[in-house]
Structure formats: structure tokens, C-alpha cells
Amino acid sequence: MTKKIGLGKAHSKIILMGEHSVVYGYPAIALPLKNIEVVCQVTKGSHPLKLDVTDPLAMAIFAALEHLKKQEERLEFHIQSQVPKKRGMGSSAAVAIAAIRGVFDYFEEELSLETLEYLVNQAEMIAHTNPSGLDAKACLSEVAIKFIRNMGFSEVALNLDAHLLIADTGVYGHTSEAVEKVKQLGAQALPLLQQLGDLAEVAEKSISTGQLKELGESMFVAHEVLKRLGVSSSECDHLVSIAKSQGAIGAKMTGGGLGGCIIALVKSQEKADKLSSLLKKEGAVNIWMEKL
Ligand code: MEV
């Protein structure tokens, strides 16, 4: 039995702390962005799936059909996404989640969270080579999480009197290249990765005790460490320095890097609005705001 239209939805995510070091087993903190969504519609199609290993959507559909032993089925997919591609906002994981949910819904098959996460990570493995699993976990979560690769995750209660701005440089990020760049650094990267892991722990403590200044400082320091790892970009550096000079409590690049977005922590809505207009003047092509 199939439905006429299968529907799948997912939301995006942003990493607060711990990108790259999370690949090496250090903790990371990420938040779901529940208002930034992807919707996938699945209908009967006329062509077999074209397997494109560079396309996260194709890989996710392939993983879902293979799991259901329906590789021969001809389907059509229509994606509507508010998540910009390749900006560190989890677009590939969110598209994969929406598509897999859509395929299972189309065939009226049950889909457990475990199977969904497994299939998303399979798709991500092909698109991203060696994903830590953080993107999938954060896009599947309704709340902020602390995540440790192969160990699990815990919920992080966010009840801060602050706002997070997400500013898109408009430049594509390159996660696989950035992960490979860090790998090539070998032993040279180890103290920097350890420092990023420590900063994620500091950030978690600061969040639980409501110490915004400490949280912000750990973000500024993390940005410098990510720069030293060679995964930032001149556009991200520029927006972080603007945020800093305008009194943001903290700011850093976010996600895989070599492009993509920055995040900035500010106290009031008024400050968020002011900084947002300024970042736009300084080159940000889009800004999102999250209450923390
Ligand atoms: C990508 O969103 C985050 C990285 O840490 C890679 C990963 O976790 O797989 C750079």
C-alpha cells in the first residue's frame, strides 16, 4: 500500500560550541532551529532513482529505499527548504530527515527514531565522509543538546536572558574539506581540539549557571582556535570582529567552516536588532534570531 503523497518534515540546527573537536570525541553543544524547516513531498514518479553520491537528498532516498527493500520503486521528490545549503545550518541532515520521513510516510511504514537517525547518518556518511553524528542528532532534537560522538547526548536547558544571532556570510561552507584540513594537521591539531573540547565544557557550565559573560568569552576564544585550525574564512572573521566591536557578549563561526555562518550572543532584543542591521551592512546576506 502507498499513499498518494508522502510527507516528511525536519528542522535545522546550529552549533554553539565544539564543531570539529566533536569529530575527535570531544563534547559539542548544538541547538535545534525549529522555525527553519524543510518539507519533502513524495509522489509516484516515472524514473528510477539516479544515484548521485554528492547529493544528500539522493543518498537519503537511496538509504530509505534500500532499508525498505524498495530500490526499484519510481518516486518523485519535491523539497521546500528554508535552510540555506552549505552554511553550517544542517541543511544536508535536515533534507535527509525530511526525505526519509517522506519515503516511509509514502509507503505507510513505521519509522523509529533509531532507524531514522541510522539512515540519516548513512546518507551523511556518503555526503560528508566521516560525520560525527552531531548534525543528525541536533536536527532530530526538540531541545538544545550536549553531544559526544559514540557516547550519546544529554539535554541542555536553555533559560538565558539573551539572544543568539545567526548571520550568513552568503559564502558556501565546505565541511568535508575543512574536516580533512584538520585531519592533515595531525598532532599539531591535538592541543587545539582539546581546547575546543574544554571550551564546550565551560560553555555548558556557563549556560547552566546563567553566566553570559563566560559563555560569550568562550565563544570568542573558540573562534580564535578555529581560526588557528584553518577552518574559518575572511568573511566569518570580519563579521565576528564587527560583532565584537559592537559589544556582542560573544561571537564565533559555526559549523564546518571555510564559509557559512557566524553566531553572536547579545543580551537584549534591541541590541540584537541593532547588531543585525549592522551585520547586514557589513555583508551578511541573511540573519536569524533565536531566544536562548
Ligand atoms: C559540521 O556541522 C560539524 C563538524 O564538526 C563535522 C561533524 O561533526 O561531523 C565540522
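**Lys 267**

I started with Lys 267 in this predicted model. Buried or exposed, or in between, is what I wanted to know about Lys 267. Lys 267 comes out as partly exposed, because its relative accessible area is 39%, and partly exposed is the class between 20% and 50%. I then looked for a partner and found Asp 161: the two form a salt bridge, with the closest N and O atoms 3.1 Å apart. I placed both ends of that pair. Lys 267 sits in the loop between strand S8 (261-266) and helix H9 (269-281), while Asp 161 sits in the loop between strand S5 (152-155) and strand S6 (163-168). That makes it a link between distant parts of the chain, 106 residues apart.

**Other salt bridges**

How many salt bridges does the whole structure hold? My search gave 10.

I picked out Lys 252 with Glu 19, where the closest N and O atoms are 2.8 Å apart. Lys 252 is in strand S7 (residues 250-254) and Glu 19 is in the loop between strand S1 (6-17) and strand S2 (28-44), so this pair ties together parts that are 233 residues apart in sequence. I checked burial for the two and noted both Lys 252 and Glu 19 as buried.

Next I went to Lys 137 and Glu 117, whose side chains meet in a salt bridge at 3.0 Å, N to O. Lys 137 belongs to helix H4 (residues 134-139) and Glu 117 to helix H3 (residues 113-128), and the pair, 20 residues apart, links distant parts of the chain. I logged Lys 137 as buried, and Glu 117 too.

I also jotted down a network of salt bridges that links Lys 146, Glu 201 and Glu 204.

**Glu 290**

Which side chain of opposite charge is nearest to Glu 290? I found Lys 34, 8.0 Å away. A salt bridge needs the side-chain nitrogen within 4 Å of a carboxyl oxygen, and Glu 290 has no salt bridge although it is buried. I put Glu 290 in strand S9 (residues 286-291). Leaving out residues up to four places away in sequence, I listed what Glu 290 touches: Pro 32, Leu 33, Ala 162, His 163, Leu 164 and Ile 166.

**The ligand**

I moved on to the ligand and listed the residues around it, among them Ile 15, Val 22, Val 23, Pro 131, Thr 175 and Gly 256. Glu 19, noted above for its salt bridge with Lys 252, is also one of the residues around the ligand.

I checked three polar side chains against oxygen atoms of the ligand. For Ser 132, an N or O atom of the side chain is 2.6 Å from a ligand oxygen. For Lys 13, a polar side-chain atom lies 3.4 Å from an oxygen atom of the ligand. For Asp 135 I read 2.9 Å from a polar side-chain atom to a ligand oxygen. On its own the ligand has 300 Å² of accessible area, and the protein covers 94% of that.

**Leu 199 and Glu 177**

I looked up Leu 199 in helix H6 (residues 190-209). Leu 199 counts as buried because its relative accessible area is 10%. Residues up to four places away in sequence aside, Leu 199 touches Met 17, Ser 218, Val 221, Ala 222 and Val 225.

My last stop was Glu 177 in helix H5 (residues 175-185). Glu 177 is partly exposed, with a relative accessible area of 47%. I took one distance here: Glu 177 and Thr 129, 48 residues apart in sequence, are 10.0 Å apart from C-alpha to C-alpha.

How values were computed
Residues are numbered from 1 along each chain as its sequence is written. This is a predicted model: local features need pLDDT of at least 70, side-chain atom pairs count only at pLDDT 80 or more; totals for chains, interfaces and linings use all residues. Side-chain values use heavy atoms; hydrogens and water are left out. Helices (H or I, at least four residues) and strands (E, at least two) are DSSP runs, numbered from the N terminus. Buried means under 20% relative accessible area, exposed over 50%, partly exposed in between (1.4 Å probe, protein chains only). Lys and Arg count as positive and Asp and Glu as negative; His and the chain ends are not counted. Contact means heavy atoms within 4.5 Å. A residue is near a molecule or strand if one of its heavy atoms lies within 4 Å of it. A polar contact is a pair of N or O atoms within 3.5 Å; within protein, one must be able to donate a hydrogen and the other to accept it, and residues adjacent in sequence count only if both atoms are side-chain atoms. Accessible areas come from the Shrake-Rupley method with a 1.4 Å probe; for residues, only the protein chains shown count as cover.
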